[in-house]
4 protein chains.
Amino acid sequence: MTVANGDASTLGDSDGLSIAYVGGGSRQWAPALVRDLALADLDGDVRLYDVNVESAERNAEFGNWVQDRDEAVADWSYEATDDLDEALSGADAVIVSTQFDPTETFVPDLDVPKEYGIYGAVAATIGPGGIFRAMRTIPLYREFAAAIREHCPEAWVFNYTNPVTFVTRALYDEFPEINAIGLCHEVLGTRHRLAEYASEHLGMDASREDVSVNVKGINHFTWVDEARCEGVDLWPLLEELAEGEEARREFTAEDLEGESVFTDNWQVTWELFRRFGVLPAAGDRHLVEYATWFIQGGQETLDRWGVKRTGSDYRAKHWTPAESKQTTDVEAWMSGDREFALEPSNETFVDVLGALTGDGPFVTNVNLPNEGQVEDLQSGAVVETNAVVRENEVKPLAAGGFPRPVRSLVRGHVDVQETVVEASRTGDVDAAFEGFLLDQQVRTLSPEDARELFAELVVAEEAYLDGWDLDASDVLAESSAYPTE
Amino acid sequence: MTVANGDASTLGDSDGLSIAYVGGGSRQWAPALVRDLALADLDGDVRLYDVNVESAERNAEFGNWVQDRDEAVADWSYEATDDLDEALSGADAVIVSTQFDPTETFVPDLDVPKEYGIYGAVAATIGPGGIFRAMRTIPLYREFAAAIREHCPEAWVFNYTNPVTFVTRALYDEFPEINAIGLCHEVLGTRHRLAEYASEHLGMDASREDVSVNVKGINHFTWVDEARCEGVDLWPLLEELAEGEEARREFTAEDLEGESVFTDNWQVTWELFRRFGVLPAAGDRHLVEYATWFIQGGQETLDRWGVKRTGSDYRAKHWTPAESKQTTDVEAWMSGDREFALEPSNETFVDVLGALTGDGPFVTNVNLPNEGQVEDLQSGAVVETNAVVRENEVKPLAAGGFPRPVRSLVRGHVDVQETVVEASRTGDVDAAFEGFLLDQQVRTLSPEDARELFAELVVAEEAYLDGWDLDASDVLAESSAYPTE
Amino acid sequence: MTVANGDASTLGDSDGLSIAYVGGGSRQWAPALVRDLALADLDGDVRLYDVNVESAERNAEFGNWVQDRDEAVADWSYEATDDLDEALSGADAVIVSTQFDPTETFVPDLDVPKEYGIYGAVAATIGPGGIFRAMRTIPLYREFAAAIREHCPEAWVFNYTNPVTFVTRALYDEFPEINAIGLCHEVLGTRHRLAEYASEHLGMDASREDVSVNVKGINHFTWVDEARCEGVDLWPLLEELAEGEEARREFTAEDLEGESVFTDNWQVTWELFRRFGVLPAAGDRHLVEYATWFIQGGQETLDRWGVKRTGSDYRAKHWTPAESKQTTDVEAWMSGDREFALEPSNETFVDVLGALTGDGPFVTNVNLPNEGQVEDLQSGAVVETNAVVRENEVKPLAAGGFPRPVRSLVRGHVDVQETVVEASRTGDVDAAFEGFLLDQQVRTLSPEDARELFAELVVAEEAYLDGWDLDASDVLAESSAYPTE
Amino acid sequence: MTVANGDASTLGDSDGLSIAYVGGGSRQWAPALVRDLALADLDGDVRLYDVNVESAERNAEFGNWVQDRDEAVADWSYEATDDLDEALSGADAVIVSTQFDPTETFVPDLDVPKEYGIYGAVAATIGPGGIFRAMRTIPLYREFAAAIREHCPEAWVFNYTNPVTFVTRALYDEFPEINAIGLCHEVLGTRHRLAEYASEHLGMDASREDVSVNVKGINHFTWVDEARCEGVDLWPLLEELAEGEEARREFTAEDLEGESVFTDNWQVTWELFRRFGVLPAAGDRHLVEYATWFIQGGQETLDRWGVKRTGSDYRAKHWTPAESKQTTDVEAWMSGDREFALEPSNETFVDVLGALTGDGPFVTNVNLPNEGQVEDLQSGAVVETNAVVRENEVKPLAAGGFPRPVRSLVRGHVDVQETVVEASRTGDVDAAFEGFLLDQQVRTLSPEDARELFAELVVAEEAYLDGWDLDASDVLAESSAYPTE
């Protein structure tokens, strides 16, 4: 990743950082950021941009409130804005993390495919739901990329918006010199789990930071072929565990009742490890959308493998502003209704930001266009590997290739992603449908069902499909679901 | 393809050709060969090798009987043998075309997957049935390749045995310098069809020979992106036809009743052409096994697209020696019960053989290891393109690449093929199962169903799975279908 | 190569062909074409375009005069024009074959580098002279390509202008859908030589047409790794000859005195064959410019290897209109001063044209953008391999790759070619100089000498360097040879 | 790089390290290691192996003597051995750093090519001298690799022996799972220089550690396309400096008189930067052997560019045990004749070793087989890039590709290296000669001179060419220099 310009005002200095937060009205992630920043050895100001400016204002208020706490060691100031250009202007770092109204988008992403027998567990990053999420999101992120090119071309851009691969790819497609990285927790979770195994089985007192993995793949379908804890190779342990009882558990619907959808039973992980000899590094509920054998047979199969499907009711409830838990917290904290403790979140953003200002090197997993870090995947596709973060620099680590079967699985998904992103350049719906057809979840449908599912999703989410030339589509014209006058 | 040795006794001369026919007891293809040779400008002798030597002897008798006919212009003599080494010794050309007992092999290939909802239309070249056919056949063909290396390393080897890709690949894997080509009718059928369109719609009086296509892909999943009839570009016509009524027919089970399984309604072809912009060049019944949307939904979907599934009863009946139509013919012809007319078959073997002896150049489609003829497919994988045949030389034509979605489909199948062939080197069942899991038909199954289907097929066809180390398989040990003591 | 449009008026019919000849005032090649066309089974009209319209008129007159001869079996009419658009309009085939004033271009190409110790033997296709020829020619051919796109986008374009690789590459760079092929004799000469060897040593009565070779590389640096005569492998013979006396001859300047520069002693060929195990397939005088060991040591080394350098005096004399032998012939023939016999030339153009109209398939060597025909060379670079020509279709044969050392040599030259052609897009002189520096002949110079040689050539040929932004060049500004005000 | 086995006794712990030093009698590098280890936060034992066991014993004595100094914070013990197996047995880390008698090897490497006009400045890593050094060294290192496989397959192997690329490549060729890295100072020197520029021109107080570069290429021909000092982009500064006076200095022989050969005037660096837009990152004296324009014209050109050639007399004197400066030091230190101060060297070995035991991450440049870290160079070739070193893990950073001209230069050298290493597998002299012919320095010779130079070098160094089948060579048989009976 080249920083074309040597302007000393960009990162490389931990004082006076200027951060733009696109989607700054976020109820979950913004408060976490506020707390992490308050505890960091970094100072500056944060501009929270949101189309829903009230949410941004509430977070700004919270941010400044936290700064007044004694435990806040850093010096940050927050303001809200509904002007994107203003938010970006002169930013050293840009966080992008946005979503559309879940009731109108996530809910059909989950429910419409289910009518066709497709039981995507999350439906957020691949499969029909994930592809539609990409189709909704990409045009907006092309606009963000263009605005970044205009207002802060040197800024480091942190993308948290799903589907991370599609979105990060689109940012680069629109503005190839952008300094963007896609960030995600899943690999961190794997490292955490491996630390637990090392502690339990090898008598080590290990935490996530002690575990290093050689990770590669695409977001939510990453794989590990080396793992160490404090330098000790964990592979023999993994091979032993894979054959043990814990790795061969079977679940029933009753077992899962009351469980959080985020509980990760790792049975999908173990099965894939046994079959292919490399370890998947994402939550089971994400893996099953890429390794689609685990959603064949629908609910029953998911149950048996201990994967709880994100219910669309849950989605609608928990992500809707009025009822989300996080909203309540911020206001409760400030009002004193709930006790506030200034504790760090589990996120790595502040670590990455710190390393970019000189507090490195820091190694963590990131999503970046492939320039060799994953062998045998096409150049330019967005892949996830470790990277080393240093002052004003992020460099992916060369992670090597895959065993052929895993490479085949990964490539298939990359082809879907590249096809859809390419189609988005001109808003060519039928070209995007080619990517939709390639999707492994869609491949369980007959040609006509695939077309009708596509058309139904277009109808359900049409209000969010700006940038797509629906009228020019032969596929929609052929369908019975899509109304033509 | 390099002919390493300049021995003038190999091809390059049309007189005194020595042909070995492995599987020479064939009831269908051997009598066709006999007739074509009798009408060719070539002379020599043919050794028919078969484990079932009686069948070979009957064909030898028929061959010599045909030679006595007045219309026979060439001079050929036939003899049968059950000694492979003797058959191959000094051969200029080797034909390989064998099969196992259909009742014990093809029938489970079709019927067992169907129990799992997999409606492979032919089940002979991909999908669970095709993969098992490959697993049965490859070890035997490794033996053939080794024998060819020993007895006639310079010979031209014509493989007709399905699955052509797997088998041809295995021949090269075992003996990389082999001069083998895989041959198949399907592209010829496409050219025939295009000639009909040119005749009907462009007022040309065209036959297959007038049509040239730029063909590429893998056997039974080949694609055409240029087509001409007597030099006239057929693409505009194809694009027009694709939108017409004939290309949008829907069928019911009743429509298909009484139809031959070989009737090709081209509806799958047209649909794929509309979706991807390139034309598939194989019968619809083969295409659906690779473009698996058309078998999702099972019988109903097949019916709607006008594809008749090869019934296992048909298979067993028509391919079993005692009842096959061809057997009857040969004997009937010789006995005089049926009138015999010496007419050429539709095969290209004699054309290729003629071109190899100097009567070229002749351009036709062949299956060969990729050395650039298909861009963006891996080197060494067996691909199908046109080749030009000249004296003692076969060279594939560089056909270019694919649109990304089609390339993705093709690559997925190549990965299955390469995985299984590689597994066959050591007989590693679990490695072969990785290929099985990758198969698009199998991807509709849950992990456990995939494993059980695999194990059931092993059980059903165990007598034919020489060369696979079944006892060492974890997958089989996990399964309930496979008995372990 | 895709013919995008099915217009039946383009090739595919041998009657009423419309040919445009760009550079139709040619004194050597045009009369040969006239004779070949007169003897062909093709009819039509030829428009001879030339900036020197008198030359074109003389050739038109000659063409029509030949048509009146009894032996002329075909029916062709000729006319001259100085209007390029008119010449191209509606053409089925376009021949491009032009040159600049040799005294002002070829002479410095040969003489200026010689002052720096660079003894390019022909200086026409690579090395400093070849690169400058490319720099002079490419901008004009970009104009031709643009005019072809406008007036006859479907036409088959036959490029004979050197440097064939650079020029053909530039045609495609400007108009990627152009149906252009670069044609050259050299491989035909190799086949002719091999036929002589087969006749002499194997007792065959062989001619060029009986010899097939697997050829690959770039024009004038092509290599053969398979050769057969009537199907008989010639490799063992070549290996034997390579060790014999005839393949180890050493020459002195005296030996070569009076010899034609076109005499090919094949000693360079044999030495390269001994070293690298594959056979070069171009005249020694061309090979030495690519395999530059043979010009190190200058005249003495050339002499020792039996290669006569094209003298710049020869060039100036023989290629200058007023004195060229061919000019005299045409006029002498028509005036009756010299007896005229209507005999075919040795060219393959009419064979290719015939095959394009349906008289095929015909296999011959052509220069085309790489789409896999040469493995391990970059896609898009213009390479030379065999191709099969059929009705309205030219398809290269997949020729495989090279032994690493030969691949390395070839790739180095391709990099020069690609660098210069890319630089020509914007006329970036310093980018072209990077290609110049990479050239193997130039690599014998110090950095300063390389720069001064470049600048001297610019000065000498400045009148022909339209399309290059000389003023913007840092390299020229640094040089002492190039005047700056 | 995969650590196949999780044996906890290998690195990942900073106590009780077991180091084998192959070539432990070294007079320069071993004493430096002793000092660095004494100051490190690491403990263990070091076994110094050398065929010249006296030298090893002297270094062991010195090592233990240093440990007795008060300033020595670490706890290390040293012993000498002449038994390789014993030295390697159970080693956690292996240092390899050996040389042959310089009078009999380096001297002809420099002097013999000079007679042919080849003025290699160092003649140690490429060019005829470098290739012969490789040919001498590779067979021995194949033995080392085999011994490491047997005695300490998990050990980290640090190769300092030149030619680093050839030698590291040979280690991997012999034992693909070896954990070897090739280390070299040159890039560190570039970072040091850039720190000086940043200090001088940007008012920063910078040292080498503050400078990060994106480095890629092959050892001694590495290139930088990004450089930062404390996060500040140095590119604008470099572009400015490149046009200034300091970057356009010209030298005469007189200017250089009395200068050390190690003085680096950076004029070659600046010229290459101006021409190609990327910055070379090795000393000028190394660069000129790869960018051979700078040695064309011999001594005069070297002088003009400020590069002092390593004189063979210097080589013989300074590297011969009896007279080398370093030897004197160790003995003088121990005897008290010279004052000893325990100060760190400039080497990174101890930093790397520390990082491997958990004191990381540490980023530095290393030589490793390419698995994607350099785009568009072949997989497996040994390339130099940055790597991040963590506990028991070294991972190269993906550095991207090159501008085409630089890629072409680098690839040419890689082809030489790969050709020679491949030839060394069977000791095929003529195959190695193919690599020799490809070398850019050799390409200035005629075919016969190239052969004679090769033969003369064989004759001069025959005693060191074990492992090469000289008798089977056609090239040597053809030469006049190589005696045949």
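**Entry 1. Glu422(D) and its partner**

I looked up Glu422(D) and found a relative accessible area of 38%, so this residue counts as partly exposed. The model is predicted, and I keep that in mind for each entry. Glu422(D) forms a salt bridge with Arg404(C), and the closest N and O atoms are 3.0 Å apart. This pair crosses between chains: Arg404(C) sits in helix H16 (residues 404-426) of chain C, and Glu422(D) sits in helix H16 (residues 404-426) of chain D. Is Arg404(C) buried or exposed? Arg404(C) has 17% relative accessibility, so I noted it as buried; the cut-off for buried is under 20%.

**Entry 2. Other salt bridges**

I searched the whole structure and got 108 salt bridges over all chains.

I then picked a few to look at. In chain A, Arg390(A) and Glu393(A) form a salt bridge with the closest N and O atoms 2.9 Å apart. Both Arg390(A) and Glu393(A) are buried.

In chain B, I found a salt bridge between the side chains of Arg69(B) and Glu71(B), at 3.8 Å from N to O. Arg69(B) has a relative accessible area of 26%, which makes it partly exposed. Glu71(B), at 32% relative accessibility, is partly exposed.

**Entry 3. A buried arginine without a salt bridge**

I went to Arg285(D), which lies in helix H11 (residues 284-290) of chain D. Which side chain of opposite charge is nearest to Arg285(D)? I found Glu186(D), 5.8 Å away; Arg285(D) is buried and has no salt bridge. The cut-off for a salt bridge is 4 Å. Arg285(D) does have a polar contact, 3.1 Å between its side chain and that of Thr310(D). I also listed what Arg285(D) touches, leaving out residues up to four places away in sequence: Ala121(D), Val122(D), Val261(D), Phe262(D), Val307(D) and Thr310(D).

**Entry 4. Helix H1 of chain D**

I stayed in chain D and checked helix H1 (residues 29-38). How many of its 10 residues are buried? The count is 10 of 10, and the helix is mostly covered. Among the buried residues of H1(D) are Trp29(D), Pro31(D), Leu33(D) and Val34(D). The charged names I noted in that list include Arg35(D) and Asp36(D), and they are buried as well.

**Entry 5. Asn365(B)**

I moved to chain B and looked up Asn365(B), which is in strand S11 (residues 362-369). Its relative accessibility is 2%, so Asn365(B) is buried. The side chain of Asn365(B) makes a polar contact of 2.7 Å with the side chain of Glu384(B). A polar contact of 3.4 Å links the side chains of Asn365(B) and Thr364(B). Apart from neighbours within four places in sequence, the residues in contact with Asn365(B) include Leu183(B), Cys184(B), Val187(B), Leu188(B) and Val215(B). Glu384(B), Thr385(B) and Asn386(B) are also in contact with Asn365(B). I also took one distance across the chain: Asn365(B) and Asp15(B) are 350 residues apart in sequence, and their C-alpha atoms are 25 Å apart in space.

**Entry 6. Thr222(A)**

In chain A I looked up Thr222(A), in strand S8 (residues 221-229). Its relative accessible area is 0%, so Thr222(A) is buried. Residues up to four places away in sequence aside, Thr222(A) touches nine residues that I wrote down by name: Val187(A), Val215(A), Lys216(A), Gly217(A), Leu279(A), Pro280(A), Ala281(A), Ala282(A) and Glu384(A).

**Entry 7. Chain A as a whole**

I counted the elements of chain A and got 19 helices and 13 strands. Its radius of gyration is 22 Å, close to the 23 Å that the globule rule gives for 485 residues, so chain A is as compact as a globular protein of that length. The C-alpha atoms of chain A fill a box of roughly 65 × 60 × 50 Å along the principal axes.

What share of the 485 residues of chain A is buried? I found 67%. The surface that chain A exposes is about 16,200 Å², and carbon and sulfur atoms supply 43% of that area. I also looked at contacts in chain A between residues at least 6 apart in sequence; 73% of these join residues at least 24 apart.

**Entry 8. Chains that do not touch**

Last, I checked two pairs of chains. No contact joins chain A and chain C, and their closest C-alpha atoms lie 15 Å apart. Chain B and chain D do not touch either, with their nearest C-alpha atoms 15 Å apart.

Key. Residues numbered from 1 in each chain as written. Chains lettered and ligands numbered in written order. Predicted model: local features only at pLDDT ≥ 70, side-chain atom pairs only at ≥ 80, totals over all residues. Heavy atoms only, no water. Buried < 20%, exposed > 50% of the residue type's maximum accessible area, 1.4 Å probe, protein only. Helix = DSSP H or I, 4+ residues; strand = E, 2+ residues; numbered from the N terminus. Polar contact = N/O pair within 3.5 Å; in protein donor to acceptor, adjacent residues only side chain to side chain. Contact = heavy atoms within 4.5 Å. Rg over C-alpha atoms; globule rule 2.2 N^0.38 Å. Areas by Shrake-Rupley, 256 points an atom, 1.4 Å probe, with all protein chains shown as cover.
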